[in-house]
Amino acid sequence: MSLVKIQGNASGTGEFTIAAPNSNTNRTLTLPDNTGTILTSASTFAGTGPAFSAYADTAQTITASTLTKVTLGTEDFDTNSNFASSRFTPTVAGYYQFNAQIYCKSTSSISNVSFAFYKNGSSFTRVFNIAVSSGEPIVNGSCLISLNGSTDYVEIYGVIGGTGTVSFGFNDSTLTSRFSGALVRAA
């Protein structure tokens, strides 16, 4: 493996090292001109930005056919402390990938289920509106949302059409409603 070293400044302090991959394939690295930005800080890039995963730790009884915010009481992780009260409010502007699943139950029957990602209190995208003939469906989906890093927030809402007592169910931490997200690219 070969190394290229470039002095950091006019006084000769600092060192910038580029290490070639251990490969027989030639690679080309093209840097922007002097007006371009290569890196601003590691904290603004995917892989080191905000990420969270949360789930419902109890069943949530809801009114049938009424869109209801899904309550998520337990966090698997929250890398930047941006998830609270079943809401994600990031402090880094960028594009976020969100994933959600809703576990639906009824004491009688379920006819249809749906859920939506909400941005700033309004429906951003409805993921499902499916008919159900039997069982306890789990619906899931994902979307990419641009957030400003200061006032934007995301929540999930669900609706269950059916009879009897309907709920976003809970059996254990794997069979429950879940919501997760992560920074994909800084703005």
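**Entry 1: a residue on strand 15**

I started with V184, which is partly exposed because its relative accessible area is 42%; in these notes buried means under 20% relative accessible area, exposed over 50%, and partly exposed in between, with a 1.4 Å probe and protein chains only. V184 sits in strand 15. Strands here are DSSP runs of E of at least two residues, helices are runs of H or I of at least four, and both are numbered from the N terminus.

A reminder to myself: this is a predicted model, in which local features need pLDDT of at least 70 and side-chain atom pairs count only at pLDDT 80 or more, while totals for chains, interfaces and linings use all residues. Residues are numbered from 1 along each chain as its sequence is written, and side-chain values use heavy atoms, with hydrogens and water left out.

I then asked which residues make a nonpolar surface patch with V184. They are Y95 and L144, and the patch comes to about 270 Å². Patch members have over 30% relative accessible area and no salt bridge (a side-chain nitrogen of Lys or Arg within 4 Å of a carboxyl oxygen of Asp or Glu). Nonpolar side chains (Val, Leu, Ile, Met, Phe, Trp, Tyr) are joined within 5 Å, and like charges within 9 Å.

**Entry 2: the whole chain**

I looked up the secondary structure and found 15 strands and zero helices. Of the 187 residues, 34% are buried. The accessible surface is about 10,600 Å², and carbon and sulfur atoms hold 49% of that; the areas come from the Shrake-Rupley method with a 1.4 Å probe, and for residues only the protein chains shown count as cover. Among contacts (heavy atoms within 4.5 Å) with a separation of 6 or more, 69% join residues 24 or more positions apart.

**Entry 3: the core**

Next I went inside. The largest nonpolar core has 30 residues, and L72, F98, I102, F117, I156, I160 and F179 touch the most other members. Such a core is a set of buried Ala, Val, Leu, Ile, Met, Phe, Trp, Tyr and Cys residues joined through side-chain atoms within 4.5 Å. Several elements give two or more residues to this core, including strand 3 (51-55), strand 10 (109-119) and strand 13 (154-163). Which strand gives the largest share? I found that strand 9 does, with five residues.

I followed I102 a little further. Beyond its neighbours within four places in sequence, I102 contacts V70, F115, P137, I138, V139, I156, F168 and S177.

**Entry 4: the rings**

My search of the whole structure gave twelve aromatic pairs. Rings of Phe, Tyr and Trp (its six-membered ring) pair if their centres lie within 6.5 Å; planes under 30 degrees apart are stacked, over 60 edge-to-face, and the rest tilted. F83 and F179 are edge-to-face, at 6.3 Å centre to centre with 65 degrees between the planes. This pair links strand 7 and strand 15, 96 residues apart, and both rings belong to buried residues. Y96 and F98 are stacked, at 6.2 Å and 25 degrees. Y96 is buried at 0%, and F98 is buried at 0% as well. Ring pairs also join F52, F83, F88, Y96, F98, F115, F117 and F179 into a cluster.

**Entry 5: two serines**

Last, I checked positive phi values outside glycine. S81 has a phi near 55 degrees and lies in the loop between strand 6 (74-78) and strand 7 (83-84). S86 is at about 60 degrees, in the loop between strand 7 and strand 8 (87-88). Is each buried or exposed? S81 counts as exposed because its relative accessibility is 66%, whereas S86 is buried at 6%.
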